[in-house]
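The report below describes a single chain through its sheets, its nonpolar cores and a few local contacts. Please keep the sequence and the coordinates at hand while reading.

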Amino acid sequence: QRGGGGEREDQQFDLESAPNQLLEALRYFEAPVEAGPGGQGKGAYSWGHQPQAMMRHLAGYVQSVAADVRRICAQEPRCLHVPSPCYILGDLHGNFHDLVSFEKALWRVGMGLSPAGFLFLGDYVDRGQFSVEVSLYLIAHKALFPRKVLLLRGNHETRAQNSFAGYAPCLQQCCTSLFGEEVGMSVWESINDVFDVLPLAAIIDRSVFCTHGGIPDPSLLSPVKTQDQLVRDIASIPPCLPQPDPSSAGGSGLAWDLMWNDPAAREPRGGEGACSAGFGPNTARGTGHVFTAGGLEAFLNEYGLTHLVRAHEMRQTGFQVQQHARMVTLFSSSGYCGCQNDASCILASEGKLRFIRLQHTSRPSKSSLSTRAAAASALAGGRGGPSGPTQPASASPTPPPPQLVTARHVPLCKALEVPPRQMLHLKMQERLERKALEADVGAAAILSGWGG
């Protein structure tokens, strides 16, 4: 059963509730407003010129909803059981444009009326212009639909990472820029209070293991190799983990591996970076581990799993099938750090993983930041980022909206027309299945492996 109960269902239909007020504010932010006789207009994806009192009012809603969502997430298992159908999204990194594009294409009538659930794999903030807006979108929907909208924790959902000015902009900079220093820091803390309690992993239909970074080193797990034991091992992670770094007091090596690990680029052959039992040090990031195709194969087979879906690394087309087709890396933010990459999501349904990709018609002209250097610097600088001045990010023009395409670059305009709100849930399920078939374009766009 999806959706909340009792009081939360009332909140869904109460337009004056704090989560709905946040979503209404985001709709204002997204839309352009023409200047009228007695007032100023504003561009799309802009708050315009708001009085300080109005922004304080908005901050109050943010803090109220964040406190509610913190309570919800703290009560969730550290490893979630997720039924299909389910949309999976990877790194967003403050890219509100792409998040809205996915919404308009796939759940235009709203998350509450979609027959599919939603699983987000982390890294919601930093490097993009709209870390605050992406965070508000996610926590508002989590408050309204707590069993349907599921949020995992990525490596950027820590104070050490999302306060590092080198990300230009980091979440902390976005908060203080929007709300002012005092109120902005309070909002930043409220959002991080939610991040502290986010789950670390999920399993779809007892078959597809999902996490932000990758599978953990076997030494961090019980010698009993059953799926139920794996869930219990992850459940041993404290529900509130302000500092997951295992080198810090109260940290967790298991949580850190789930948030930071990467697949090995190739099988190491001894020397520095050599892998033992399929795992080795992650020298590229300076923390966590890498795992080989053999290590992944053993993990999936031992725990009765078919695939790993993870995020954490940019991919040119928004996704990449790797390690003997047992793993997918998913990235849902296009134009990342000035790169010419697309954004993708996955629909897990009927024993298949179907890939849906946004294709942009224009690209940034130049790169703004290196890929892993900033993360390494944030870790090296006392786990809170190095000191010293950084250059502010230059403003960039609002890009045109992307088009939704399949792996064959076929527009899905007709297939993605969404019926009006009055349509029955059954009709919506039929339409979702039809869209999935449109996206089913062969081996490059579909993985099978579980279910009937």
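An open sheet of six strands is arranged in the order β1-β5-β6-β10-β12-β11, and its pairing is mixed. Its edge strands, each pairing on one side only, are β1 (79-82) and β11 (319-322), and from one strand to the next the twist averages 20 degrees. Helices (H or I, at least four residues) and strands (E, at least two) are DSSP runs numbered from the N terminus, and two strands count as paired if DSSP finds at least two bridges between them.

The model is predicted, so local features need pLDDT of at least 70 and side-chain atom pairs count only at pLDDT 80 or more, while totals for chains, interfaces and linings use all residues. Residues are numbered from 1 along each chain as its sequence is written, and side-chain values use heavy atoms, with hydrogens and water left out. For pLDDT, the predictor's confidence in each residue from 0 to 100, the chain mean is 82, and 74% of the residues reach 70 or more. Over residues 362-376 pLDDT stays under 50, and the model has 32 contacts (heavy atoms within 4.5 Å) beyond four places in sequence for them. Residues 405-430 also have pLDDT under 50 throughout, with 47 contacts beyond four places in sequence. Where pLDDT is low, the predicted coordinates should not be read in detail.

**Strand pairing**

A second open sheet, of three strands with mixed pairing, has the order β7-β9-β8, and its edge strands are β7 (262-263) and β8 (279-281). The table sets out three strand pairs.

| Strand pair | Bridges and sense | Bridge partners or opposite residues |
|---|---|---|
| β1 and β5 (residues 201-204) | four, parallel | Leu80 and Ala202 |
| β7 and β9 (residues 289-291) | two, parallel | Pro263 and Phe291 |
| β13 and β14 | seven, antiparallel | Cys345 and Ile356 |

In the hairpin of β13 and β14, two residues lie between the strands, and Glu350 takes a positive phi near 55 degrees. Strand β14 (residues 352-359) is largely enclosed by the rest of the structure, because six of its eight residues are buried, where buried means under 20% relative accessible area, exposed over 50%, and partly exposed in between (1.4 Å probe, protein chains only).

Asn341 is found in the loop between β12 (327-330) and β13 (343-349). This residue is buried, with a relative accessible area of 0%, and the side chain of Asn341 reaches the backbone oxygen of Ser333 at 2.8 Å.

**Helix α4 and the nonpolar cores**

Helix α4 (residues 96-106) has ten of its eleven residues buried, so this helix is largely enclosed by the rest of the structure; among the buried residues are Phe96, Asp98, Glu103 and Leu106. At the start of α4, a side-chain oxygen of Asn95 comes to within 3.4 Å of the backbone nitrogen of His97.

A nonpolar core is a set of buried Ala, Val, Leu, Ile, Met, Phe, Trp, Tyr and Cys residues joined through side-chain atoms within 4.5 Å. The largest such core has 63 residues, and those with the most contacts inside it are Tyr87, Phe96, Trp107, Phe120, Tyr124 and Phe179. Helix α5 (residues 131-144) supplies the largest share of this core, nine residues. Apart from this core lies another, of 27 residues, among them Leu221, Leu254, Ala255 and Leu296. Beyond its neighbours within four places in sequence, Phe96 is in contact with residues including Leu26, Phe29, Tyr45, Phe130, Val134 and Tyr137.

Terms used. Axes fitted to C-alpha atoms, helices over the stretch in contact; angles between N-to-C directions. Polar contact = N/O pair within 3.5 Å; in protein donor to acceptor, adjacent residues only side chain to side chain.
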